[in-house]
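Q: I've got a protein model open and I'm not sure how to read it. Can we walk through it together, beginning with one small detail?

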Amino acid sequence: MYKTLTGIIAKRISTHLEEQRLQPAEQKGCHPGSKGYKDQLMLSNAIYEDCRRRKTNLIIAWIDYQEAFDSAPHSWVEKSIELVQANSKTFGFCKISTEKWNTRLILKTKQEVMQSQPIQIRRGIFQVDSLSPLLFCIARIPLTNELNRADCGYQVHGTERKISHLMYMDDVKLLGRNENDL
């Protein structure tokens, strides 16, 4: 039931993000109609080819967050949902459900089974439903907004927009013309 319910809520949040144009083009994780990493690879190849053809500088840095899904504080996920102005009932569901996430430690021996009291989970998201990865992507929207505001990155010939970064879930590729830009 939980997966069905979170799937419905994820669809509604995703629709809201698309209608309000809040889902960053740079983030291909949880982006409807996206081929995810394949889209990012095609875009990267186009940038490399443009750079090679025009003989311009390009510097790249990859950021790989360790334990990224496990490190997202619930308080920031909640704040991010609030920032994208999700429906109040959707916000309430997300807030209440993350507050109720808990686990128990179980130790089985030959003689007995010992179990801890519930341990509340205050950071991290599940990776087995369709809502949690979307919440993770929402929590990264402010990062994309700040990177775009910096007005740095690589400008592909014939376009006005600079590409400062590409994201796929927790992977980030930063692009710039030089080290200062990066």
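A: Sure! Start with a single atom pair: a polar atom in the side chain of Asp181 sits 3.1 Å from the backbone nitrogen of Gly153. Keep in mind that this is a predicted model.

Q: What does Asp181 touch, leaving out residues up to four places away in sequence?

A: A contact here means heavy atoms within 4.5 Å. On that basis Asp181 touches Cys152, Gly153 and Gly176.

Q: Where along the chain is Asp181?

A: Look in the segment that follows strand 9, which covers 171-176. For the wider picture, the chain has seven helices and nine strands.

Q: Is Asp181 buried or exposed?

A: The idea is to look at relative accessible area: under 20% is called buried. Asp181 has 8% relative accessibility, so Asp181 counts as buried. Across the chain, buried residues account for 37% of the 182 residues.

Q: How do I read the overall shape, say from the radius of gyration?

A: Compare the chain with a reference: a compact globule of 182 residues would come out near 16 Å, but this chain has 20 Å. You can also picture a box along the principal axes, which for the C-alpha atoms is roughly 70 × 40 × 25 Å.

Q: What share of contacts joins residues at least 24 apart?

A: Take the contacts between residues at least 6 apart in sequence: 64% of them join residues at least 24 apart.

Q: And how far apart are the mean positions of the positive and negative charges?

A: The chain has 26 positive and 21 negative charges, and their mean positions are 4 Å apart.

Notes:
Residues numbered from 1 in each chain as written. Predicted model: local features only at pLDDT ≥ 70, side-chain atom pairs only at ≥ 80, totals over all residues. Heavy atoms only, no water. Helix = DSSP H or I, 4+ residues; strand = E, 2+ residues; numbered from the N terminus. Rg over C-alpha atoms; globule rule 2.2 N^0.38 Å. Buried < 20%, exposed > 50% of the residue type's maximum accessible area, 1.4 Å probe, protein only. Lys, Arg positive; Asp, Glu negative; His and termini not counted. Charge placed at Lys NZ, Arg CZ, Asp CG, Glu CD. Polar contact = N/O pair within 3.5 Å; in protein donor to acceptor, adjacent residues only side chain to side chain.
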